[in-house]
Amino acid sequence: MSRVKYLNLSLLFLLLLMYSTYFASEYTVPQLAYSVYAEDLDLDGDKDIVVGHKTGWGYDSPTITILKNEGHGYFTIFDTSFVFCGYQENIFAQNIDNDSYPDIVTLMSDFSSGTAERYIRICYNDNGYYNEFIDFSLNISEKFSDIIYGDIDGDNDIDIVVSSNNGFFWGYLLNNGDGEFSLPVYHDLSFPPGGVACGDLNNDNREDIVVCGYKLEVYLSYPDSFQCMLVDVTDYQNEVRIGDIDNDGDNDLVVARYGAPHLPHSLQIYHNDGNCNFTLAYEEEISIGISNLHLTDLNNDSYLDIIYTKVHGQNYVCVRMNNGDGIFLGEENYDTT
């Protein structure tokens with residue numbers, strides 16, 4: 001089952017820019033924009049934008065677009081020279097090799113042998129320019145549906161986590177601290193993962209893994225293994241995020257359920273009691289399927305608010321303010337068409 005993701009570029013830009021501005025700007029980039037990320041790539045004090053595109057085998061359309069922030073939220077296209085086969089499900093930029101500059105992490109595919117060979121491609125940042133990349137094999141031909149990051153072994157560098165909806169598994173690659181990665185390790189699932197998230201759930205300074213689909217499972221990270229905990233058996237959940245929703249010092253789970261035919265769409269919150277016992281504390285039926293779920297404190301009251309997108313004839317960014325008492329205020333809808 002596939003997920004509803006990455007609607008249109010102007011909508012995605014709005015998600016990134018709405019935290020600091022009351023208007024949205026629209027920029028023309030190469031075709032098939034698929035994901036977007038904001039980070040200060042050149043360390044000049046403002047955030048730039050990285051766009052990931054869907055580039056098929058044999059196509060010469062750009063796979064990565066970099067938009068440089070010239071100040072005051074005005075962007076110019078800085079680089080569209082990256083061309084390789086890869087569907088950028090969830091592109092991101094993080095400091096991989098500990099040189100202070102954020103590197104770009106992507107998915108790359110090679111079909112030259114007649115069989116799909118999958119890689120993590122990391123474009124290394126040299127003072128704001130990307131002139132070098134290294135590919136790390138994923139050692140499997142199955143298509144990947146998500147890629148995220150986190151410090152899952154607690155050594156203060158960025159590790160990579162992937163999942164495959166078609167393959168019923170998730171996996172990880174560990175960073176050795178110099179921008180080199182271990183061979184991937186995979187964990188099989190009994191269901192197709194709809195979403196995967198990474199965050200510290202038991203306050204041990206190791207980030208844990210949460211996978212949602214027809215089950216909601218937590219994988220607690222320990223030095224020698226992962227401990228799997230079943231949180232819930234559900235209708236199909238398509239996205240999960242980790243954050244301290246009730247502001248009690250431990251991370252909770254926020255889940256979007258994109259209902260199968262004749263089943264309701266919903267927003268769900270599972271509270272963590274501090275010992276990784278999760279309770280469904282909030283559930284609200286949503287009339288339209290939601291995606292692109294984000295958590296952030298929009299009004300600086302120390303409580304995380306919720307942002308998501310809906311599409312039904314036209315596209316909306318929806319904001320749900322956290323009232324601080326376990327109740328979320330009604331949707332504030334922003335039309336992006």
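**Exercise 1. Find which backbone nitrogens the side chain of Asp-151 reaches, and describe the surroundings of this residue.**

Solution. Begin with the polar contacts, where a polar contact is a pair of N or O atoms within 3.5 Å, one able to donate a hydrogen and the other to accept it, and where residues adjacent in sequence count only if both atoms are side-chain atoms. The side chain of Asp-151 reaches the backbone nitrogen of Gly-154 at 3.0 Å, and a polar atom of that side chain lies 2.7 Å from the backbone nitrogen of Asn-156.

Before going on, note that this is a predicted model, in which local features need pLDDT of at least 70 and side-chain atom pairs count only at pLDDT 80 or more, while totals for chains, interfaces and linings use all residues. Residues are numbered from 1 along each chain as its sequence is written, and side-chain values use heavy atoms, with hydrogens and water left out.

Next, place the residue: Asp-151 lies in the loop between E10 and E11, these names denoting strands, which are DSSP runs of at least two residues numbered from the N terminus. Not counting residues up to four places away in sequence, Asp-151 touches Asn-156, Asp-157, Asp-159, Arg-206 and Glu-207, contact meaning heavy atoms within 4.5 Å.

Finally, look for a partner of opposite charge, counting Lys and Arg as positive and Asp and Glu as negative, with His and the chain ends not counted. Asp-151 is buried yet has no salt bridge, and the nearest side chain of opposite charge, Arg-206, is 7.5 Å away. Here buried means under 20% relative accessible area, exposed over 50%, and partly exposed in between, with a 1.4 Å probe and protein chains only; a salt bridge is a side-chain nitrogen of Lys or Arg within 4 Å of a carboxyl oxygen of Asp or Glu.

**Exercise 2. Determine how many salt bridges there are, and examine the one between Lys-143 and Glu-89.**

Solution. The count comes to eight salt bridges. In the pair of Lys-143 and Glu-89, the closest N and O atoms are 3.0 Å apart. Lys-143 lies in the loop between strands E9 (129-137) and E10 (146-150), and Glu-89 in the loop between strands E5 (86-87) and E6 (92-94), so the pair ties together parts that are 54 residues apart in sequence. Lys-143 is partly exposed, at a relative accessible area of 31%, whereas Glu-89 is buried at 3%.

**Exercise 3. Trace the salt bridges of Glu-283 and Glu-284.**

Solution. Glu-283 meets Arg-257 in a salt bridge of 3.5 Å, N to O. Since Glu-283 lies in strand E21 (residues 278-286) and Arg-257 in strand E19 (residues 252-257), the pair ties together parts that are 26 residues apart in sequence. Asp-235 joins Arg-257 and Glu-283 in a network of salt bridges. Glu-284 pairs with Arg-320, their closest N and O atoms being 2.8 Å apart; Arg-320 belongs to strand E24 (residues 314-320) and Glu-284 to strand E21, 36 residues apart. Arg-320 is buried at 2% relative accessibility, while Glu-284 is partly exposed at 24%.

**Exercise 4. Identify which strand gives the most to the largest nonpolar core.**

Solution. A nonpolar core is a set of buried Ala, Val, Leu, Ile, Met, Phe, Trp, Tyr and Cys residues joined through side-chain atoms within 4.5 Å. The largest has 31 residues, and among those touching the most other members are Ile-64, Ile-104 and Ile-120. Several strands supply at least two residues each, including E3 (64-69) and E7 (103-110), but E8 gives the most, with five residues.

Terms used. Helices (H or I, at least four residues) and strands (E, at least two) are DSSP runs, numbered from the N terminus.
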